[in-house]
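Student: I've just opened this one and don't know my way around yet. Could we go through it together?

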Amino acid sequence: MENSSKRNYYIDFLKMVFSIVIVYYHSWVFTGNYGSGYFNRGYYAVDFYFIVTGFLFIKSLEKIYNKKSKDPVGLLDIKFVFNKIKELIPSILFIFIVGYFMVYRTSSINYHITFSDSIITEIFFLGFLGKGMTVNLGCWYISVMILTLFILFPLVYKYKKNFNYLISPLIIILCLGLCNYFKIAITDPLSSNYIFINGVYKGFIFINLGVISYELCNILKKIKFNRFIRIFFTVLETLIYIFLFLNMHYYIAESYMNAILFTFNIALTFSNLSYTSVLFNDKIYQSIGKFGFIFYLSNIPVRIFVMSKYYGSYGKMLLIYWIIIIILSTATYIVSNVILKKIKQLKEKA
């Protein structure tokens, strides 16, 4: 059996694929009619990121279960979450700064004051406390991830496997019941219900589905490898991802079926039972995955900028949108993953 601790680069590749889907989905605004652009159900792509986050969350925590620490759980929680997001901070800050100047005076929010309350609120809250965010709108996923992991960490740390088998499924059931009872549309994550945006409820459901996916992965790893089984799982895995991909444009299935298929397929991908772990066995895919995250972050300020500066057909505006996103994403990647990395290496040598 292959080393289970080895990084799965196929997941990194898929991060880029689903980022492209999300960028296409957000282009519907250029048509003036919701749901009329490409991948008009691209909001399902975020499910992939949440489940992967939950999977890696539990995998990381299991590594520190047996490590003795004198730090209180609260401090361990802060350290854990910070370590999870610290690599993302340079990219988020760079895009926020560039995005701020891109949408300067083009938004209805009070941006004519450089340090307005709107800007300060957006920087601190990253978008999970209701609507009102513009430049940082794409960060709702990051903020929900931070909030969810911060709340779940003490429970997982205290109850360990009992969390995976008992508490996590219970959270999923309770959140689904809450969403159904109060008609909370998790497919519309930026709409608000009570204090939080719907994305918070979505985050709790899908990050805990990542926990289920992790345990399912452990079951799959017990299957003995042979050529026929690996071919079968490779075909199955590929067909499911194709189905999920097509469902983001065509109306084939709704949220629950998507959630079930993503939960199973991510477990299958991480199990290394299929040949995709061999086909996508190159560090270049890790860089592609990082670029995909930056690509996702870039689209919101660019979308606002294009809408305010250009007029024309959907095809024309889509082309301008893509060109600017690629330029901004490339610049952000160079700054956050090349220049800052070299500066860090020089400091370590000094």
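Student: Let's start with helix α4: which residues on its other side are exposed?

Tutor: Keep in mind that this is a predicted model. In α4, the buried residues are S91, I92, I95, F96, G99, Y100 and M102. Seen down the helix axis, those buried residues fall within an arc of 155°, so they line one face of α4. Over on the other side, the exposed ones are I97 and F101.

Student: How far does α4 reach from its first C-alpha to its last?

Tutor: The helix covers residues 89-102, which makes 14 residues. At 1.5 Å a residue you'd expect 20 Å, and the model comes close to that. The reach is 20 Å.

Student: And F94: does it count as buried, partly exposed or exposed?

Tutor: F94 is found in helix α4 too. Buried would need a relative accessibility under 20%, and exposed would need one over 50%. F94 has 24%, so it counts as partly exposed.

Student: Which residues is F94 in contact with, leaving aside its neighbours within four places in sequence?

Tutor: Look far along the chain for this one. F94 and S336 are 242 residues apart in sequence, yet their C-alphas are 8.0 Å apart in space. The contacts of F94, with those neighbours left aside, are L328, A331, T332 and V335.

Student: What about S255, is it buried or exposed?

Tutor: You'll find S255 in helix α10, which spans residues 255-271. Not counting residues up to four places away in sequence, S255 touches Y44 and T187. Its relative accessibility is 13%, so S255 counts as buried.

Student: Which helix gives the largest share of the lining of the largest pocket?

Tutor: That pocket holds about 1,500 Å³ of space. It is lined by 44 residues, and R7, K84, E87, L88 and K290 lie nearest its centre. Several helices each supply at least two lining residues, among them α1, α4 and α13. The largest share, 10 residues, comes from α2.

Student: One last thing: over which residues does pLDDT stay under 50?

Tutor: Across the protein, the average pLDDT is 87, and 88% of the residues score at least 70. There is a stretch where the score stays under 50, and the model has 18 contacts beyond four places in sequence for it. That stretch is residues 127-131.

Terms used
Residues numbered from 1 in each chain as written. Predicted model: local features only at pLDDT ≥ 70, side-chain atom pairs only at ≥ 80, totals over all residues. Heavy atoms only, no water. Helix = DSSP H or I, 4+ residues; strand = E, 2+ residues; numbered from the N terminus. Expected span 1.5 Å × (residues − 1). Buried < 20%, exposed > 50% of the residue type's maximum accessible area, 1.4 Å probe, protein only. Arc of directions from axis to C-beta. Contact = heavy atoms within 4.5 Å. pLDDT = per-residue confidence, 0-100. 1 Å grid on protein atoms, 1.4 Å probe; cavity = no way out; pocket = protein on both sides within 12 Å on 5 of 7 lines; lining within 4 Å. Points joined across faces, edges and corners; volume = space filled by probe spheres on them.
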